[in-house]
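The following exercises concern the arrangement of strands, rings and buried residues in one protein chain. Please examine the sequence and the structure before reading each solution.

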Amino acid sequence: GIHLLHLEYSVHALQVHPLLETSELTQKNAERFLNEGGHIKEIKTEEDIEFPESGLILDGLFGTGFKGEVKDPYAFVINAANDSGLIIIGIDIPSGLNGETGEASTPTIVATQTATLGLPKTGFFLRDGWDHVGSLQFIDFGLPAEYIEEIEPDFELLTADMLIPLMP
């Protein structure tokens with residue numbers, strides 16, 4: 001959010017988990033965000049959610065390892081985001097989607113685009129995944145190449161470049 005503020009965007013964060021119950025680092029970053037001109041609104045009920053008529057939503061409710069069921073207040077935030085009509089960019093993986101199995105919770109963010117950090121998650125291509133990730137944008141966040149080269153993939157995504165030479 002701070003980087004967007006420096007680019008002169010108006011940035012509003014919805015704080016779904018009470019800020020005082022978060023880590024010291026999260027609280028320090030929130031204070032810095034506010035000091036640099038950002039806005040934070042704590043969400044306790046559905047009525048607390050307001051999205052602008054234009055702009056976009058950056059979805060980062062859960063981490064990559066999400067599994068299980070989405071409960072309120074997260075559920076009503078996801079439903080409101082999906083119903084907003086705004087562009088939604090999922091950060092690494094849309095909230096509510098299992099990155100390993102592709103199983104979508106009820107509800108799950110339906111992203112316009114997913115900015116996947118490093119390699120795409122297997123769940124993007126399985127079960128419900130493809131219906132929730134939108135277009136994929138790969139973001140290099142500095143993961144050393146040797147780690148990527150060491151990975152033994154379970155699956156490979158076939159592309160037209162790979163298949164065309166195999167056709168008669």
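Two strands are said to pair if DSSP finds at least two bridges between them. The model examined here is a predicted one.

**Exercise 1.** Determine in which sense strand β5 and β6 pair, and over how many bridges.

*Solution.* Step 1: strand β5 covers residues 113-117, and its pairing with β6 is in the parallel sense. Step 2: the pairing runs over five bridges, which meets the criterion of at least two bridges. Step 3: as an example of a bridge, T116 has F138 in β6 as its partner.

**Exercise 2.** State the order of the strands in the open sheet and identify the edge strands.

*Solution.* Step 1: the open sheet consists of four strands in the order β3-β4-β5-β6, with parallel pairing. Step 2: β3 and β6 (135-139) each pair on one side only and are the edge strands. Step 3: on average, neighbouring strands of this sheet are turned by 20° against each other, direction ignored.

**Exercise 3.** Describe how β3, helix α3 and β4 are connected, and which side chains of β3 are buried.

*Solution.* Step 1: β3 pairs with strand β4 (residues 87-91) in the parallel sense over four bridges; I87 in β4 is the bridge partner of L56. Step 2: together with helix α3 (residues 74-83), these two strands make a right-handed β-α-β unit. Step 3: the side chains of β3 (residues 56-59) alternate, with I57 and D59 pointing to one face and buried, whereas L56 and L58 point to the other and are not buried. Step 4: the buried residues of α3 are A75, F76, V77, I78 and A81, and they pack against β3 and β4. Step 5: just after α3, G85 takes a positive phi of about 80°.

**Exercise 4.** Classify the ring pair of F62 and F66 and the ring pair of F62 and Y74.

*Solution.* Step 1: the structure holds four aromatic pairs. Step 2: the ring centres of F62 and F66 lie 4.7 Å apart with the planes at 20°; because planes under 30 degrees apart count as stacked, this pair is stacked. Step 3: F62 and Y74 are 5.2 Å apart centre to centre, with 45° between the planes, and form a tilted pair. Step 4: this second pair links distant parts of the chain, since F62 is in the loop between β3 and α3 and Y74 is in helix α3, twelve residues apart. Step 5: ring pairs thus link F62, F66 and Y74 into a cluster.

**Exercise 5.** Are F66, Y74 and S95 buried or partly exposed?

*Solution.* Step 1: buried means under 20% relative accessible area. Step 2: F66, at 12% relative accessibility, therefore counts as buried. Step 3: Y74 has a relative accessible area of 21% and so is partly exposed. Step 4: S95, at 2% relative accessibility, is buried. Step 5: S95 lies in the loop between β4 and β5; leaving aside residues up to four places away in sequence, it touches D59, G60, L61, F62, I78, T108 and I109.

**Exercise 6.** Which residues form the largest nonpolar core, and which element gives the largest share?

*Solution.* Step 1: in soluble globular proteins, nonpolar side chains tend to be buried together. Step 2: the largest nonpolar core here has ten residues, namely I57, F66, V70, A75, I78, A81, L86, I88, I109 and A111. Step 3: α3 provides the largest share, three residues. Step 4: the contacts of V70, not counting residues up to four places away in sequence, include F62, A75 and I78.

Conventions:
Residues numbered from 1 in each chain as written. Predicted model: local features only at pLDDT ≥ 70, side-chain atom pairs only at ≥ 80, totals over all residues. Heavy atoms only, no water. Buried < 20%, exposed > 50% of the residue type's maximum accessible area, 1.4 Å probe, protein only. Right-handed = clockwise from strand over helix to strand, strands pointing away. Axes fitted to C-alpha atoms, helices over the stretch in contact; angles between N-to-C directions. Phe/Tyr/Trp six-rings, centres within 6.5 Å; stacked < 30°, edge-to-face > 60°. Contact = heavy atoms within 4.5 Å. Core = buried A, V, L, I, M, F, W, Y, C linked by side-chain atoms within 4.5 Å.
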